[in-house]
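User: Please take a close look at a single part of this model, the place where the two chains meet, and work outward from one residue beside it. I would like a connected account rather than a list.

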Amino acid sequence: MNRRDRNSILGALRAQTVDQSPLPDLPAVSETAPAAFQQALHAAGGQLASVTHPDDAVDALAHLCQVTGATRIASLVAGLPGAREGITIVDSAGDPHHLGDIDLAIVPGRFAVVENGAVWISGLDLRQQALCFACEHLVLVVPGDQLVPDMHAAYRRRRIDDAAFGVFISGPSKTADIEQALVLGAHGPRSLTVLLLGAPPPCTLAG
Amino acid sequence: MSHPARAAAFTANAARMHWHDQALWTVRTKRDRAAGSVGGEWEQLRALAAAIKAHTLARLPDYLEQFERNAVAHGAHVHWARDAAAHNRIVHDLLASRGVRRVVKSKSMLTEECGLNPHLEARGIQIVDTDLGERIVQLRHEPPSHIVLPAIHLKRDEIGDLFHEQLGSPAGLSDPKQLTEVARQHLRPLFFNAQAAITGVNFAVAETGGVVVCTNEGNADLGTSLAPLHIACMGIEKVIPRAGDLGVFLRLLARSATGQAITTYTSHFHGPKPGGELHIVIVDNGRSALRGRPAFSSALACIRCGACMNTCPVYRRSGGHSYGATIPGPIGSILEPARDPARHRTLPFACSMCGSCTDVCPVKIPLHHQLLAWRRELVTAGLVSWTKRAVLRMARVILSRPWLLRLVTFVPRRLGPALTRRLLARVMPSWAKQRDIPALAPASFRRLYRKRRRP
């Protein structure tokens with residue numbers, strides 16, 4: 001705890017007189033058309049797949065596996081990716097260091113944010129945090145009726161401390177550190193697909 | 001070494017200077033587009049962010065205690081470090097007591113400020129900076145030149161050469177995609193073999209006791225999700241009151257920094273992961289002292305977005321290394337002299353007073369006003385060069401004697417512009433190098449006034 005430094009720092013701060021000012025109220029949630037989610041996700045380098053029927057999700061994933069050449073898949077979403085030839089389902093529980101060769105990971109998202117294409121992933125739904133970051137390609141499955149307009153709505157929605165870990169993920173891992181040239185797939189996933197499940201193309205915003 | 005001296009070396013290569021200038025300006029334009037897309041809300045967000053930070057700063061000790069309480073309730077350990085040496089000692093003790101020899105670190109300007117890397121390396125601990133730009137400068141044994149884009153001063157073929165020499169990649173690579181792939185493959189085993197992950201903290205939420213880390217590459221998350229020990233280092237000014245405040249700051253941060261609506265990853269840590277440990281190190285290192293200086297305390301609101309340096313014409317054309325400080329650019333020129341006025345005395349003068357920095361700051365720090373205030377402090381403390389002191393004294397003498405002012409302004413009018421320029425080039429050569437005299441009116445106001453008053 002280092003009590004001496006703690007007391008010294010807090011003591012120094014308390015000894016100062018600083019003008020007080022009120023804590024402002026948080027702003028109202030903005031109005032954003034749900035259709036803007038796709039645009040925001042694309043701007044972040046991600047892809048959107050919108051499926052009405054759960055069976056279509058299996059097809060969408062099959063297509064994705066083909067496109068990415070993924071054969072080793074870990075899934076935290078029941079029913080996905082569905083049994084198919086040529087793919088191995090990897091158990092993602094246990095030591096995260098064994099997650100090093102997962103081609104595609106399918107992870108549930110709780111809700112998505114329209115203004116920036118982000119999806120909130122709760123640690124409560126992850127057996128291993130590393131799964132979201134160590135895989136080559138990531139699929140986030142989000143209920144189609146769980147879109148919120150902006151970050152203000154996102155933080156009103158739920159407590160952020162209900163799990164030890166939670167993350168907003170917007171698009172695939174990326175960097176522009178080399179001459180400002182955008183490259184997708186820095187250390188994390190090379191691609192990100194948001195699979196909006198079980199609703200028609202988004203037209204309502206969740207409260 | 002002074003900023004002008006270092007900058008002279010940078011500007012000597014005019015083509016490169018213009019390339020650097022253009023690269024940073026491009027980032028500024030991306031910021032403008034992103035800010036514009038938020039419309040009228042953008043200015044409201046800035047005002048809110050400034051108000052939240054001002055309120056928090058005023059009640060900082062209470063919020064820090066609340067943060068600590070809630071963090072501990074989630075199972076995190078909270079350490080306090082009054083200065084850089086204490087910070088380094090705490091981090092080293094945590095690592096050494098657990099037999100850690102291999103550490104990965106994501107971007108933290110605080111650890112840069114404290115000199116953590118050399119401290120650990122001297123004690124036999126391997127510490128790898130995993131942000132691509134930071135890894136590049138680490139391999140080159142040089143400091144980052146920008147707080148968000150550490151390698152912005154380097155060209156792709158230089159990075160290609162570096163990777164060829166140090167990572168064994170093929171010679172002549174310069175495609176950013178290929179180079180990023182090289183770095184990905186190089187760093188991946190380092191992530192998987194790391195025994196500890198050190199991160200910075202973008203925001204520490206008092207209400208919940210959590211720390212938030214924002215990255216685009218996912219390096220902070222790859223590190224912390226694989227290694228059992230997570231050490232998060234934060235300055236005391238990183239605390240914000242409520243989880244809801246994150247909405248305001250996160251909408252401003254990435255748009256101001258790179259023009260993105262949000263960073264790829266915005267991770268929230270509340271206590272350790274199952275089977276792991278989370279240690280948070282809260283660092284003062286001069287921040288409480290700065291809070292006690294009303295002229296400069298609002299500089300503590302800084303969220304380290306880098307927008308001020310992207311827009312600053314001096315930074316764009318002199319490069320981050322010209323500042324000789326951990327944090328360059330306008331905000332660095334305010335924070336660093338507070339830490340060491342003598343060493344960084346030329347920084348507040350590395351400014352054209354254009355005010356662009358103040359315009360783009362997401363938390364509305366009055367940057368150029370504070371730079372001016374710093375100049376006053378430094379002159380009062382006698383920390384400016386004798387030539388500057390002499391010129392200021394001369395100006396005081398001339399401006400306080402109307403007859404002398406009349407004489408001094410009469411001379412250039414009589415000599416004419418050409419001769420005046422020659423005179424100035426002789427008398428004040430460094431001033432005259434890039435400056436020109438204004439157009440001189442044929443008669444002074446005083447003379448015209450007298451003429452018109454005569455009946």
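**From one helix to the interface**

Analyst: Ile90(B) lies in helix H5 of chain B, which spans residues 84–97. The model is a predicted one, and in it Ile90(B) has a relative accessible area of 9%; Ile90(B) is therefore classed as buried, the cut-off being under 20%. Leaving out residues up to four places away in sequence, Ile90(B) touches His79(B), Trp80(B), Ala81(B) and Val281(B) of chain B, and also Asn2(A) from the other chain. Gly324(B), by comparison, stands 234 residues from Ile90(B) in sequence and 27 Å from it in space, taken from C-alpha to C-alpha.

The contact with Asn2(A) leads to the interface as a whole, where 68 residues of chain A are in contact with 93 residues of chain B. Interface size is often expressed as the accessible area lost when the parts come together. For chain A and chain B the buried area is about 6800 Å², with 57% of it on carbon and sulfur atoms. On the chain A side, the residues that lose the most area to chain B are Asp177(A), Ile178(A) and His187(A), which together account for 12% of what that side buries.

Turning to polar interactions, 41 residue pairs are in polar contact across the interface of chain A and chain B, counting pairs in which both residues have pLDDT 80 or more. The elements of chain A that each supply at least two residues to the side touching chain B are helix H1 (3–15), helix H4 (131–134), helix H5 (151–157), strand E9 (165–169) and strand E10 (174–175). Of the side of chain A that touches chain B, H1(A) gives the most, with nine residues. By residue class, that side of chain A divides into 33 nonpolar, 20 polar and 15 charged residues.

Charged pairs contribute as well, with 10 salt bridges found across the interface of chain A and chain B. One of the salt bridges joins Arg6(A) to Glu65(B), with their closest N and O atoms 3.6 Å apart.

The backbone takes part through strand pairing, since E9(A) and strand E9 of chain B, residues 265–269, pair in the antiparallel sense over five bridges. Within this pairing, Val167(A) has Ser267(B) of E9(B) as its bridge partner.

To return to the starting point, Ile90(B) is a buried residue whose contacts include Asn2(A) of the partner chain.

Definitions and conventions. Residues are numbered from 1 along each chain as its sequence is written. Chains are lettered from A and ligands numbered from 1 in the order in which they are written. This is a predicted model: local features need pLDDT of at least 70, side-chain atom pairs count only at pLDDT 80 or more; totals for chains, interfaces and linings use all residues. Side-chain values use heavy atoms; hydrogens and water are left out. Contact means heavy atoms within 4.5 Å. Buried area is the accessible area (1.4 Å probe) that two parts lose on being put together, summed over both. A salt bridge is a side-chain nitrogen of Lys or Arg within 4 Å of a carboxyl oxygen of Asp or Glu. A polar contact is a pair of N or O atoms within 3.5 Å; within protein, one must be able to donate a hydrogen and the other to accept it, and residues adjacent in sequence count only if both atoms are side-chain atoms. Helices (H or I, at least four residues) and strands (E, at least two) are DSSP runs, numbered from the N terminus. Ala, Val, Leu, Ile, Met, Phe, Trp, Tyr, Cys and Pro count as nonpolar, Asp, Glu, Lys and Arg as charged, and the others, Gly among them, as polar. Two strands pair if DSSP finds at least two bridges between them. Buried means under 20% relative accessible area, exposed over 50%, partly exposed in between (1.4 Å probe, protein chains only).
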